[in-house]
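Here's a quick tour of a protein chain, written for someone new to reading structures. Keep the picture open as you go, and look up each spot when it comes up.

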Amino acid sequence: MLGGSTSHNFMMYVRGNKEDFNRWSTEDLGGDPQWNYENLLPYFKKSEDYNGNYARDPASAKYHGNGGLLNVAKYDFEPGADDFLAAALEKGYAIGDYNGATQEVFSKVDATTQDGWRESTYRAFYKDTGKPSNLCIKKYAHVIKINFQYVSSHPKAVGVTYKRQGVGPAEHLHSLNIPLVRIYLLGKESKTTDAGQGFLKSPVAQPNYVDLQLIHTAFALYHNFLKTLITNARFAFVVLGRPKSFGKLMLASSNPDDNPIIDPKFLTHPDDVEALLYGLKKFVDLYENTAALNTPLFHKPVPGCENKAFKSDDYYRCVISMFSFTFYHHVGSCALGKVVDSHLKVMGIDGLRVIDASVIPRLPNGKHAGCTIMIAEKGSDLIISNHVLVLLTRANSNFKAHFHLF
Ligand SMILES: Cc1cc2nc3c(=O)[nH]c(=O)nc-3n(C[C@H](O)[C@H](O)[C@H](O)COP(=O)(O)OP(=O)(O)OC[C@H]3O[C@@H](n4cnc5c(N)ncnc54)[C@H](O)[C@@H]3O)c2cc1C
């Protein structure tokens with residue numbers, strides 16, 4: 001799909017905690033300053049055209065860009081978000097721009113949207129910019145192999161092998177002789193939903209680090225969608241931004257068509273359960289014990305947890321184990337400092353860079369599209385500066401040749 005996951009993600013624009021990026025620099029890249037927060041901020045700003053909740057707030061100005069290709073806006077449909085923020089104020093939480101000076105705040109959510117429509121990377125960086133002529137996109141091209149040559153017994157990536165296959169209208173694919181993988185039925189209606197969110201520090205967080213994200217949401221009322229459940233319901237997600245459990249990704253076979261084996265090992269570190277427990281209780285307190293929300297926890301025990309005392313710590317621990325799911329922020333399979341160097345070059349191989357979410361060495365406490373776009377901006381700068389350096393070196397060597405001739 002053009003635009004990758006930005007064409008079907010939740011569109012929340014949440015960069016992450018400053019300390020995440022500082023740790024990339026200090027702990028993953030041995031103190032390389034070019035990957036600390038201060039030096040990465042210009043790359044976040046470069047792609048941004050900020051029209052979000054804090055666009056008129058002078059305190060936020062230094063953290064946001066204007067005139068970039070990616071529109072960051074307010075959600076256009078946000079019932080309940082004002083109540084959520086009023087409740088947060090009642091409880092003494094600060095309100096502010098979570099992509100600004102400090103992340104430990106509650107806020108409405110900024111989103112990658114444009115006039116109420118999804119602002120995918122395809123739309124922002126390709127379609128709406130007049131389809132740049134120096135970019136060639138091969139649709140339905142599934143890369144199955146990177147081709148290497150040995151130059152002075154050193155491996156160098158020289159190209160890729162791909163095969164054509166696709167997802168789309170069956171007749172069209174058949175007419176092009178492209179094997180069909182899957183047909184998607186796309187709904188006609190598409191509208192953004194609301195959200196409010198807050199960031200908290202759990203007792204098991206690392207020092208100076210906010211590890212929890214509380215998301216409050218209501219769903220848009222599409223025809224036949226959650227019709228029975230939606231009346232007077234509010235939804236809350238507690239997100240552990242920086243889990244201590246690590247998963248594993250392995251190849252199932254040497255056949256590129258076989259799916260890899262992904263073992264996420266969710267909640268295998270006990271701190272992850274304790275952090276979520278803390279967040280869950282804070283959330284219930286916010287909903288139940290504020291005038292603005294005044295909403296009791298739905299009194300129907302989660303299946304599998306009926307034998308625990310309702311709302312006890314053990315009940316919540318059980319809920320966490322029965323009811324958790326991923327927000328699809330998988331990173332680290334080509335981590336900075338382990339697989340790629342600070343120039344995003346695969347270590348030990350010439351001619352190969354990785355520029356996507358897989359280079360993120362540790363999860364930022366946020367959502368990762370903004371962070372991946374920042375890495376892409378940084379990566380394109382690295383490529384350009386490398387190229388300019390090569391040209392200069394060539395120009396210099398020509399100049400020297402001329403100099404010697406005279
Ligand atoms: C359901 C969901 C909700 C999310 N919500 C949010 C959110 O609200 N906010 C946020 O910031 N982030 C969110 N994310 C995460 C975010 O979208 C991703 O972290 C980000 O898009 C990763 O970018 P990427 O370029 O690394 O990978 P992707 O966006 O996944 O793009 C990879 C692309 O490579 C293509 N590809 C893969 N293998 C091959 C191959 N062999 N040959 C050719 N092409 C290939 C894929 O088809 C895809 O187009 C969400 C993700 C999901 C899945």
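**A briefing on the chain**

Let's start at a turn: Ser-152 sits in the loop linking β7 (141–151) to β8 (154–164). Keep in mind that this is a predicted model. The chain has 406 residues, and 27% of them count as buried. You'll find 8 helices and 15 strands in it.

**The β7–β8 hairpin**

- β7 and β8 make a hairpin, with 2 residues between them.
- The two strands run antiparallel and are joined by 10 bridges.
- One pairing to look for is Val-151, whose bridge partner in β8 is His-154.
- Is Ser-152 buried or exposed? Ser-152 counts as exposed because it has 6 C-beta neighbours inside 10 Å, and the cut-off for exposed is 12 or fewer.
- β7 lies largely in the open, because the number of buried residues among its 11 is 0.

**Two residues with an unusual backbone angle**

- Most residues other than glycine have a negative phi.
- Ser-152 isn't a glycine, yet its phi is positive, at about 50°.
- Tyr-328 isn't a glycine either, and it has a positive phi of about 65°.
- Where do you find Tyr-328? Look in the loop between α7 (313–323) and α8 (368–405).
- Tyr-328 has 11 C-beta neighbours inside 10 Å, so it counts as exposed.

**Around Gly-96**

- Gly-96 belongs to the loop that runs between α3 (81–90) and β3 (106–108).
- Gly-96 has 19 other C-beta atoms within 10 Å; a residue needs 20 or more to be buried, so Gly-96 is partly exposed.
- Leaving out residues up to four places away in sequence, Gly-96 touches Val-105 and Ser-107.
- Gly-96 and Ser-60 are 36 residues apart in sequence, while their C-alpha atoms are 9.0 Å apart in space.
- For the chain as a whole, take the contacts between residues at least 6 apart in sequence: 58% of them join residues at least 24 apart.

**The three-stranded sheet**

- This open sheet of 3 strands has the order β1-β2-β4, and its pairing is mixed.
- Which strands stand at the edges? They are β1 (48–51) and β4 (110–111), and each has a single partner strand, so one side of each is left without a neighbour in the sheet.
- β1 and β2 (residues 70–74) run parallel, joined by 4 bridges.
- Asp-49, for example, has Asn-71 in β2 as its bridge partner.

**The four-stranded sheet and its helix**

- Another open sheet has 4 strands in the order β3-β11-β12-β13, with antiparallel pairing.
- β3 and β13 (235–240) are the edge strands here, each pairing on one side only.
- On average, neighbouring strands of this sheet are turned by 20° against each other, ignoring direction.
- β12 (residues 212–217) pairs with β13 in the antiparallel sense, over 6 bridges.
- Within that pair, Leu-214 has Val-238 in β13 as its bridge partner.
- Helix α6 packs on this sheet, where it touches β11 (196–200), β12 and β13. The direction of α6 makes about 150° with that of β13.

**How α6 meets α7**

- The axes of α6 and α7 come within 10 Å of each other and cross at roughly 110°.
- Angles of 65 to 115 degrees count as roughly perpendicular, so that label fits α6 and α7.
- The crossing of these two helices, α6 and α7, is right-handed.
- On the α6 side, the residues that meet α7 are Val-273, Leu-276, Leu-277, Leu-280 and Lys-281. On the α7 side, they are Asp-313, Tyr-316, Arg-317 and Ile-320.

**The nonpolar core**

- In soluble globular proteins, nonpolar side chains tend to be buried together.
- How many residues are in the largest nonpolar core? There are 57, and the ones touching the most other members are Ala-111, Leu-212, Val-238, Leu-276 and Met-374.
- Helix α6 (residues 270–288) supplies the largest share of this core, with 8 residues.
- Met-374 touches Leu-40, Tyr-43 and Phe-44, not counting residues up to four places away in sequence.

How values were computed: Residues numbered from 1 in each chain as written. Predicted model: local features only at pLDDT ≥ 70, side-chain atom pairs only at ≥ 80, totals over all residues. Contact = placed C-beta atoms within 7 Å. Core = buried A, V, L, I, M, F, W, Y, C linked by C-beta atoms within 7 Å. Pairing = 2+ DSSP bridges. Axes fitted to C-alpha atoms, helices over the stretch in contact; angles between N-to-C directions. Parallel < 35°, antiparallel > 145°, perpendicular 65-115°, else oblique. Left-handed = near helix turned anticlockwise from the far one by under 90°.
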